Amino acid sequence: MASVAHEGHGHDHHGEHHHHEENFISKYIFSQDHKMIGKQFLMTAVFMGLVAMILSILFRIQLAWPGESSDFLSFFLGERWAPNGVLKEDMYLGLVTIHGTIMVFFLLTGGLSGTFSNLLIPLQLGARDMASGFLNMLSYWFFFLSSLLMLVSLFVESGPAMAGWTIYPPLSALPQAVSGSGLGMTLWLFSMTIFIASSLIGSLNYIVTVINLRTQGMSMTRMPLTIWAFFVTAILGVLSFPVLLSAALLLVMDRLAGTSFYLSDIIVGGEMLANHGGSPLLYQHLFWFLGHPEVYIVLLPALGLSSEIIATNARKPIFGYKAMIGSILAIGFLSFIVWGHHMFVTGMNPFLGSVFVFTTLLIAIPSAVKVFNYLTTLWKGSLVLTPAMLFAIGLVSTFITGGVTGIILADSALDIALHDTYFVVAHFHIVMGMSAVFGMFGGVYHWFPKMFGRMMNMRLGYAHFWVTLIGAYGVFFPMHFVGLAGAPRRYYDYTVYAENDSVTADMMLDLNVVITIFAIFAALGQLIFLFNFFYSIFRGPKAPQNPWDSNTLEWTTPVEHVHGNWPGALPVVHRWPYDYSKPGADTDFIPQDVPLAEGEEEH
Amino acid sequence: MENKLIILIVIILGAIAIAQLVRVYEISAKLRKNGEHEVTNRDNRLNARLMLGFMIALFVGFIYLMAAYGWTGRGEAASLEGKETDWLLNLNFVIVILIFFFTNFLLFFFTFKYVRKPGVKAFYYPHNNKLEMIWTVVPAIVLAVIIILGLQTWNDLVAPTDKEAIRIELFSKQFDWTARYAGQDNTLGKYDYKLTTDKNELALLTSNTIDSAINNMLNGLNGISRIQKLLNNRDTIFNDSTSIALRTELSRKERLYRLLAQMKANHNKKLDASAWDDIIEDTLVLCKGQQYEISLRAKDVIHSAFFMHMRAQMNAVPGMPTRMKFTPSLTTEEMRKSKNNPAFNYTLMCNKICGGAHYKMKMIVLVKDKAAYDAWMKSKKKETFKDKYFPAPAAPSAPVADAAADTTMKN
């Protein structure tokens, strides 16, 4: 029904297109076309990711060679923040904070879910566009504005926010405690407020589109796993981001209106504050109520993309399609009741802690199901190792490697000694950071032909993959051992250990040098990607209709983008998206819009 | 100068590399007529082999790192509780390392083995309920074991301490730690942050400290009377912002003053004794084999007391008391031998971001055997809070002086 009604609308739209040429502004800037908005998200996120990566290299240099003068630092930070090429303590915290914020929110939330939800939801569902093109445009421009504010905060005189990406008050509430908690923190809060608005508008749009605009025959259980992942991600976003907004608003009140939500009995900078009765733990509960689902907001789209890429390039149906949907739903549900595992040693009631141990470890079950399903999909496949496929396999590897250390950290008794050490940093960078980044790269290599109508260079893609994989493991593997040795995160200089335990200090410093060298290596490797990406947009070979012989609907649209996606009628779906190498078929793939042959059974 | 030259050379080389890349790209694009979407069997096999090679490198790297660094940094656990959690950690490590090897092996090996071969079709295998059941139930059983063992240990670690446990408070502020021992009565004196003065940095609650805090609030360097004087002075005119700032400060201080006055009215003098005998130190000295009940307090922002060698940690939160417990099981001397480092010292580090000098916030911890600890404790007998608050010669007259100041100010 819905699709029929929509079809009429699409025809109108298409007709309009002929006698109304779009101008530059409505086509490239204030575009309401989901494909263009997806590309806008991608470009902005790639730029933000680049900034965050450079920030990380800056502080990695300080960690590997503490106190040594570096021209690289003075070049980027100037005399103000790196006098004589030595990073200032406050700016170190600023770099760490903004690196985390940008990577988690702007690259992996905006960039991953924003780009691919926008691009793929209408295309894979057989819809003309998002439910609301205007809201979709608004979502991007809010994202753009919040990115801009976050970048501006790097340039204010008192420095950017410096309380870590989790901005725990009272540190983030008191400008007397650290210089970044002045204007920098205010900008951070405003930027995130706008970001949350962007995310909410976007997510609501995704949900409505998935529920209402599926083409004829596209039942929920015929949707590609990408769409399932985006759908659940959007629901998580809608339910959890408002809680972050409330946390941020209360913090704004404490900072600007003199309230005491998070402040109690404080003397700072020689000044006795009258605030009484607030609780810093309240903030932590609110923050992590978003913070933990956020991990899955980042991870689920990557898992969805990789499911699609792996099935296509293994030339096999994804193993256990229904179990994959079930585990996405289970992960989504459980992600809301595990937030306390970030707070085992914060003074939270220990009994509550034990409840969170239980729920957290439960999440390992659907995660294990997903991993084994991936492995079985590869088993007896006929693997085509495109760069996208390599990244998707890399994702499964990092998902395992980072996931198993989560089992240790979820165990409250073991978390006591590891909480806030580099072991945690290694854990979440591998399981969340690398997995999501690999998923994103996989997605870009796989759907680049759909986005730009051209192909990326494959050899450069291979080079990029290998540098990234080796670099990523080279950075984060040794980090576990720095953490096991007891190195707290967010330390400016680990030589403070030398005084009381020189052996351990030497070990930390040795490993830090190794980590930084790998980090620089991996960062340089991203230049290959940037070059390949931008060069191919303009000069890559023209893409064929269906470059990867894939089943999903996006490959039935013309290579040259048109408004409304399909020039004629919308495709009708007759089968699930994973009919690869089906016995009895002529080809090793059967697109979703091909009717069942006589006597053929659905999977 | 040299470095700048190097940076310049790197930039030039980078530019050349990119130019070369473009050329390679264009030539390869011409050579490969397939338009970048067909993976050749050669590329496919090469990447499959590289995947297997990478797996071997990953495993070898892991084993090397584990052997070289796995336990060197931590050293053995220096508390009874730490021994328990280390045992559990090792068990968990065995489990997760097995999973890590097993699943990563399958992943890379399948990638290597099932790479496309001409003429071999993929096996259509959409699902198998029995298999899916197996890998739901088996992880669930393993996790049940992990959860049960973990929660047993956790419950031990957070259970209340015995009566004989020695009570110590760790007071944290940007950027140092202070230890407060409960003294003879093993009861920590009460405190209230409003009582903080130069002489009473830990804001302990006694009749005298209340009086001096009130005095300080009224007549101190930035006390109420001074602000009132400034505001009431007809000869000076403040600009708006200064005047607003002064008035805000005044109303805040008046509020604090009222609260202090209330505190004075409700104060139970019997509580004084438990504070007077407390001992305040900037090194933490502990006794081997003795259980400790440690209270934590923060003055400004959140800090975290991290005893990495004891495997103990707890946050100190402004406005909210927190607690931890542990029983040191190795003296500093024993640990020096164990780590083969005569200069080693236990350290208490701050492990919650707390400002610019966060990384420097630490305190030395000395663990002594019973005899040495008792001797140390004896030497501190005459250094209680009372002894320090009323320095020896002036001891009898000090409270009177305070009271006198109190009366003068009331007039």
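Domain bounds here are those of an automatic or database domain assignment. On that basis, chain B of this predicted model is divided into domain 1, which takes in 189-277 + 391-410, and domain 2, which covers 279-380. Taken over C-alpha atoms, the centres of domain 1 and domain 2 of chain B are separated by 32 Å.

A good place to start is the sheet of chain B. Five strands form an open sheet in the order E4-E10-E9-E6-E7, and their pairing is mixed. Its edges are strand E4 (284-287) and strand E7 (312-316) of chain B, each of which pairs on one side only. On average, and with direction ignored, neighbouring strands of this sheet are turned by 25 degrees against each other.

Within the sheet, strand E6 (residues 303-307) and strand E9 (residues 346-350) of chain B run antiparallel and are joined by 2 bridges. Along this pair, B:Ala305 stands opposite B:Cys350 in E9(B). The sheet also has a helical neighbour: helix H10 (residues 370-379) of chain B lies across E4 and strand E10 (362-368) of chain B, and its direction makes an angle of about 135 degrees with E4(B).

Helix H5 of chain B, residues 207-219, invites a simple check of geometry. Because each residue should add 1.5 Å, its 13 residues should span 18 Å, and the C-alpha atoms at its ends are indeed 18 Å apart, so expectation and model agree. As for its surroundings, the buried residues of H5(B) are B:Asn208, B:Thr209, B:Ile210, B:Ser212, B:Ala213, B:Ile214, B:Asn216, B:Met217 and B:Leu218.

How values were computed
Residues numbered from 1 in each chain as written. Chains lettered and ligands numbered in written order. Predicted model: local features only at pLDDT ≥ 70, side-chain atom pairs only at ≥ 80, totals over all residues. Pairing = 2+ DSSP bridges. Helix = DSSP H or I, 4+ residues; strand = E, 2+ residues; numbered from the N terminus. Axes fitted to C-alpha atoms, helices over the stretch in contact; angles between N-to-C directions. Contact = placed C-beta atoms within 7 Å. Expected span 1.5 Å × (residues − 1). Buried ≥ 20, exposed ≤ 12 C-beta atoms within 10 Å, placed from the backbone.
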